[in-house]
Amino acid sequence: VNPAFHDYFKVHIPYTSSDWHLGTRDASWVTQDYHFHGKYIFEAVIRDLINNTWISQADQVVLIGTSAGAMGTEANCDVMADLLHAANPNQKVKCISDSGSMYPYSVHTQ
């Protein structure tokens with residue numbers, strides 16, 4: 001029994017975009033003609049959950065990612081919190097990054 005998460009529901013967002021769920025680029029010579037839309041995918045999943053499930057009524061939502069998923073968790077925690085807080089300003093949103101970056105995210109985005 002896991003007392004901390006025993007009554008939580010789980011939503012798995014597969015890692016399919018090859019961009020840590022950060023991408024916002026269309027295909028071009030810069031991307032070697034690949035589309036990187038991971039950020040749009042992540043936002044669409046969260047919006048879909050808000051519109052079609054009870055997620056916005058949950059007391060707490062936890063985003064967890066490991067390895068490459070941890071990088072996406074670090075980058076999208078505030079995005080998810082903003083979307084959820086628009087539906088429920090009192091909701092607790094937490095994020096767990098397991099084996100993501102070892103330095104602040106802002107270091108490699110500026």
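This passage walks through the fold, the nonpolar core, the main pocket, the aromatic pairs and two backbone angles of a predicted model.

We can start with the overall layout. The protein chain contains two helices and two strands, arranged along the sequence in the pattern α-β-α-β. Its C-alpha atoms occupy a box of roughly 45 × 30 × 25 Å along the principal axes. Of the 110 residues, 31% count as buried. Among contacts with a separation of 6 or more, 56% join residues that are 24 or more positions apart.

The interior comes next. In soluble globular proteins, nonpolar side chains tend to be buried together. In this model, the largest nonpolar core is made of 14 residues, and I46, I50, I55, V61, M80 and L84 have the most contacts inside it. At least two residues of this core come from each of α1, β1 and α2, with α2 giving the largest share, five residues. L84 offers a helpful view of the packing: leaving aside residues up to four places away in sequence, L84 touches I50, I55, V61, Q91 and V93. Three of these partners deserve a second look, since I50, I55 and V61 are themselves among the core residues with the most contacts.

Attention now turns to the pocket. The largest pocket has a volume of about 1100 Å³, and its lining consists of 32 residues. Those nearest the pocket centre are K10, V11, V62, L63 and I64. Two or more lining residues are given by each of α1 (38-52), β1 (60-66) and α2 (68-87). The largest share belongs to β1, which provides seven residues of the lining. Sorted by class, the lining comprises 19 nonpolar, ten polar and three charged residues. The elements α1, β1 and α2 thus appear in the description of the pocket lining as well as in that of the largest nonpolar core.

Aromatic contacts add another layer. A pair of aromatic rings is described by the distance of the centres and the angle of the planes. The structure holds three aromatic pairs, and two of them are described here. The pair of F9 and W54 is edge-to-face, with 5.1 Å from centre to centre and 65° between the planes. This pair links distant parts of the chain: F9 sits in the segment before α1 and W54 in the loop between α1 and β1, 45 residues apart. F9 counts as exposed because its relative accessibility is 68%, while W54, at 42%, counts as partly exposed. In the pair of Y34 and F36, the ring centres are 6.4 Å apart and the planes meet at 50°, so this pair is tilted. Y34 has a relative accessibility of 52% and therefore counts as exposed; F36, at 22%, counts as partly exposed.

Finally, two backbone angles invite a closer look. Most residues other than glycine have a negative phi. W20, however, has a positive phi near 60°. This residue lies in the segment before α1 and, at 33% relative accessibility, counts as partly exposed. S99 is likewise not a glycine, and its phi is positive at about 70°. S99 belongs to the segment after β2 (92-98), and its relative accessibility of 54% makes it count as exposed.

Key
Residues numbered from 1 in each chain as written. Predicted model: local features only at pLDDT ≥ 70, side-chain atom pairs only at ≥ 80, totals over all residues. Heavy atoms only, no water. 1 Å grid on protein atoms, 1.4 Å probe; cavity = no way out; pocket = protein on both sides within 12 Å on 5 of 7 lines; lining within 4 Å. Points joined across faces, edges and corners; volume = space filled by probe spheres on them. Helix = DSSP H or I, 4+ residues; strand = E, 2+ residues; numbered from the N terminus. Nonpolar A, V, L, I, M, F, W, Y, C, P; charged D, E, K, R; others polar. Phe/Tyr/Trp six-rings, centres within 6.5 Å; stacked < 30°, edge-to-face > 60°. Buried < 20%, exposed > 50% of the residue type's maximum accessible area, 1.4 Å probe, protein only. Core = buried A, V, L, I, M, F, W, Y, C linked by side-chain atoms within 4.5 Å. Contact = heavy atoms within 4.5 Å.
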